[in-house]
Amino acid sequence: RLPRGPGAPPQPAEAGPGGFAAAPARPRSAATRPRSAPGPGRSSRGAPAGEMGLEPLFQAWSYFRRRKFRECADVCSQLLERPLGEQTFYFLLILIQAAWNLKTRALTEMVYVDEIDMDQEGLAEIILDENAIAQVARPGTSLKLPGTGQGGGPSPAVRPVTQSGRPITGFVRPSTQSGRPSTMEQAIRTPRTALTARPITSASGGYVRPGTASMITNPDGPFINLSRLNLTKYAQKPKLAKALFEYIFHHENDIKNALDLAALATEYAQFKDWWWKVQIGKCYYRLGLYREAEKQFKSALKQQDMVDTILYLAKVYLRLDQPVTALNLFKQGLERFPGEVTLICGIARIYEEMNNISSAAEYYKDVLKQDNTHVEAIACIGSNHFYSDQPEIALRFYRRLLQMGVYNCQLFNNLGLCCFYAQQYDMTLSSFERALFLAENEEETADVWYNLGHVAVGIGDLNLAYQCFKLTLVNNNDYAEAYNNLAVLEMRKGHTEQARALLQTASSLAPHMYEPHFNVAILSEKVGDLQRSYTAAQKSEEAFPGHVDTQQLMKQLKEHFAML
């Protein structure tokens, strides 16, 4: 997935009578990590693969190293279908095994997804989760319950939050795309877009469905018929077993057979092979058996200290809502692997999700000391400076991303906002024009028009702002912030009923935002509907406990009720 701009103004736009609150622009992260298979490839030295007369197996291997997996699989298929020649039986057996192994690996690489980055929690996983968590978690010990972070970041009035209560990050990650809603009804009613924290239907949607990969990569049918495999026989051949396991796990997505094969292979290796323990842990994790996965990963770490195993174990702790344990694990790993970027970045992400922005920024700076081209760290530090009212410094970080070759809608969206708030007006509109030109879907276009609306409010052109917010809704009809700000503009024109309808739409689309609730409270109080005003003010206070205007309004309403 491409990066998405962080871009919201650091304070609500001041439009509307009576202290109406305008929603801050929705930040969009600045870049996304590619999730492709590791590894690869230069072609072999000597004659280029594909020339006439090149030995077929060597040609297939050359294709594999150059990541031409389709061509590699085709050459291996021809080898396996070739009629028996005059070669000795032993040589033919080795050739067939090599071709089979290579084709299996090629088919796996075509659909490979890095398990470390694949961490989406689906709606089914949330509803059917049997792991009990504390309903009243101590501050700074839970990711599931909003408001338990230990401060260190801007308030929701400056930095918007997601439905799960976390501040919007500067970088799109799977863990920032989903969250644990407070109620089942809220989870289902929330618009199903990448702009909200509604969980996807099921985490298995991110993987290849069983059977479909075989149909895609082999039109004639599956390459391996799993139901007829003798797993015990393959478990006794370690080199073939590892390639077969990855094929079953990634290509066929048959976790049960993969787990059976891994268990047999571990038993054959007398429980001394750490690699098989890690694979068993991955299977348990996919099946939702987190405590069993934890045991396997710990056992593997005792035999072989590996960074990947630490990352897998940290994923288990985060899914069990134990961020402090995951932090301690990462810090212990840094003692054994000093300067390891993935471990430092893992610590920074956890602090960011716990709303401890200052600590997260420090660790992202440590990441840049080790790798000064780390896109995620640069994007998150830039986003942090932007929301800390330092747009000039944020502009330097986003320019750095531009120099590194990141060229997309989100980055130019962020550059436009930074230029506007840094008072470099000559570059603002040209950056937004480039962002609109590079937008790949309607959601990205809606983000740009929404931020252009904020720029228009900032320069006092409310008619232009009205048109921009309307264009936002044309591209994305679920944009709650645009509904809220349109309501504020309607109130300036004296259209009370239109404003009330827009605010009700905004509050139903984004119950985690405090601005629509506060604006409904102000509007109802002005027309004399004190009961509705008090109810809306309570919702606003629940979404943002530190909002001073909400507290003053509730105090006035309580005085009115006391007089009655």
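Arg105 is partly exposed, with a relative accessible area of 37%, a value that belongs to a predicted model, as do the other values in this account. The residue sits in helix H3, which spans residues 89-110. Once residues up to four places away in sequence are set aside, Arg105 touches Trp61, Phe64 and Ala243. A further link across the sequence appears in the backbone, where the C-alpha atoms of Arg105 and Tyr247 are separated by 6.9 Å although the two residues lie 142 residues apart along the chain.

From here the reader may turn to the nonpolar interior. The largest nonpolar core holds 92 residues, and within this core Ile224, Leu244, Phe245, Phe330 and Tyr364 touch the most other members. Phe245 can be followed further: leaving aside its neighbours within four places in sequence, Phe245 is in contact with Ala258, Leu261, Ala262, Trp275, Trp276, Gln279 and Cys283. Apart from the largest core lies another core, of 34 residues, which includes Ala465, Tyr466, Met491 and Leu509.

The last stop is Ser533, which is found in helix H26, made up of residues 530-543. Is Ser533 buried or exposed? Ser533 counts as buried because its relative accessible area is 0%, and the cut-off for that class is under 20%. Arg105, by contrast, is classed as partly exposed because its 37% falls between that cut-off and the exposed class, which begins over 50%. As for the surroundings of Ser533, its contacts beyond the neighbours within four places in sequence are Ala521, Ser524, Glu525, Leu553 and Leu557.

Methods
Residues numbered from 1 in each chain as written. Predicted model: local features only at pLDDT ≥ 70, side-chain atom pairs only at ≥ 80, totals over all residues. Heavy atoms only, no water. Helix = DSSP H or I, 4+ residues; strand = E, 2+ residues; numbered from the N terminus. Buried < 20%, exposed > 50% of the residue type's maximum accessible area, 1.4 Å probe, protein only. Contact = heavy atoms within 4.5 Å. Core = buried A, V, L, I, M, F, W, Y, C linked by side-chain atoms within 4.5 Å.
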